Amino acid sequence: MKDAFGAPQSLLVLGGTSEIALATARRLIALRTRTVRLAGRPSPALDAAAADLRARGADVRTVGFDALDAESHEAVLGAVFAEDDIDMVLLAFGIAGDQGRDEEEPLAAVRVAQTNYTGAVSAGLVCAGALQAQGHGSLVVLSSVAGERARRADFIYGSSKAGLDAFTQGLGDALHGTGVHVMVVRPGVVRPVAAPAPGSGPGTEAGAGAPQVTARGGAGLLAPERIVAARSASARFASAPLEAPPLTTTPEAVAEAIVTGLRRRSETVWVPGSLRAVMSALRHVPRPLFRRLPI
């Protein structure tokens, strides 16, 4: 159960090497969270993350979890909930993909969709059912501002996050009144304060970073001139934080916003908050004009 200050005493992280998830776990441990389960693909990075949180005073264990293996989710996650009640689940896994490659290699695009959306639907429903059965708890899902409106530079990633965002909102409505709190978090461009831990690999993410566009040979959706245009758009997007610092964020800032949202029982959290107004305006920009925007 949550303590008198509204902080969860137990936390399950899906995507145990995510920088945002780990920053959130560190902050929650400082606020009396004592039990942490880090779920992810076994790796040195996952073990190192567990050791770091353990050194901060929490009871930490790792759980083998693969977002793409939906058939295992009920058994793997059910075993975690069978041990004891979980006050908070943080769904933080996902991959950014490579827009240029993914357009030319549909199976690579499918992997982005399966990880970010299908895997999240499966894991989210399993955790939501377990939280509902215990009668309390919060499910926090990391979405992205990229899901608000598809951009040429990263529409495959953005469309997967749009699906995840819609799913989370609907799940929150379905669980309203059950004692389970569902919160979707929409970060902007997340700039890590340090290099990602070695071995973090696919299957986890620090947040919505700049999309990578790679020129590849062979036939595909991207003709050479389209590759150049996509790379240019990606470069503009990657440099945007230097031009507009208020619209960028860090894992620590997202973690702080998550903790604040939990205390307020918010349903939607934007990080930074100014993105709410920005995206509200962008949603209504006519498509011919939107295509010309340097974003």
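How many bridges join S5 to strand S6 (residues 180–187)? In this predicted model, the count is six, and the two strands run parallel. One of the pairings places Gly-137 opposite Val-180 in S6. To get from S5 to S6, the chain passes through helix H6 (residues 155–175), and the resulting β-α-β crossover is right-handed.

S5 has a partner in strand S4 (residues 88–91) as well: these two strands run parallel and are joined by four bridges. Two of the residue pairs can be picked out by name. Met-88 has Ser-138 of S5 as its bridge partner, while Val-89 is matched with Leu-139 of S5.

Stepping back, these strands belong to an open sheet of seven strands, and reading across it gives the order S3-S2-S1-S4-S5-S6-S9, with parallel pairing. At the edges sit strand S3 (59–64) and strand S9 (268–271), each of which pairs on one side only. From one strand to the next, the twist averages 15°. As for what holds such an arrangement together, strands of a sheet pair through backbone hydrogen bonds, whether parallel or antiparallel.

Back to S5, then, and how its residues are placed. Strand S5 spans residues 137–142, and six of its six residues are buried, so the strand is largely enclosed by the rest of the structure. The burial applies to both faces: Gly-137, Leu-139 and Val-141 point one way, Ser-138, Val-140 and Leu-142 point the other way, and all are buried. Gly-137, the residue opposite Val-180 in S6, is thus part of a strand that has neighbours in the sheet order on either side, with S4 before S5 and S6 after it.

The helices offer a few more details. Helix H3 (residues 70–83) and helix H5 (residues 106–134) have axes that come within 9 Å and cross at roughly 30°. Because angles under 35 degrees count as roughly parallel, that makes H3 roughly parallel to H5. The crossing of H3 and H5 is right-handed.

Finally, there is a side chain worth a look in helix H4 (residues 99–104), where Glu-103 is found. Is Glu-103 buried or exposed? With a relative accessibility of 8%, Glu-103 counts as buried, because the cut-off for that label is under 20%. The side chain of Glu-103 also has a polar partner: a contact of 2.6 Å joins it to the side chain of Arg-152.

Conventions:
Residues are numbered from 1 along each chain as its sequence is written. This is a predicted model: local features need pLDDT of at least 70, side-chain atom pairs count only at pLDDT 80 or more; totals for chains, interfaces and linings use all residues. Side-chain values use heavy atoms; hydrogens and water are left out. Buried means under 20% relative accessible area, exposed over 50%, partly exposed in between (1.4 Å probe, protein chains only). A polar contact is a pair of N or O atoms within 3.5 Å; within protein, one must be able to donate a hydrogen and the other to accept it, and residues adjacent in sequence count only if both atoms are side-chain atoms. Two strands pair if DSSP finds at least two bridges between them. A crossover is right-handed if, with the strands pointing away from the viewer, the path from the first strand over the helix to the second runs clockwise. Axes are lines fitted to C-alpha atoms, for helices over the stretch in contact, and angles run from 0 to 180 degrees between N-to-C directions. Angles under 35 degrees count as roughly parallel, over 145 as roughly antiparallel, 65 to 115 as roughly perpendicular and the rest as oblique. A crossing is left-handed if the near helix is turned anticlockwise from the far one by less than a right angle, and right-handed if clockwise.
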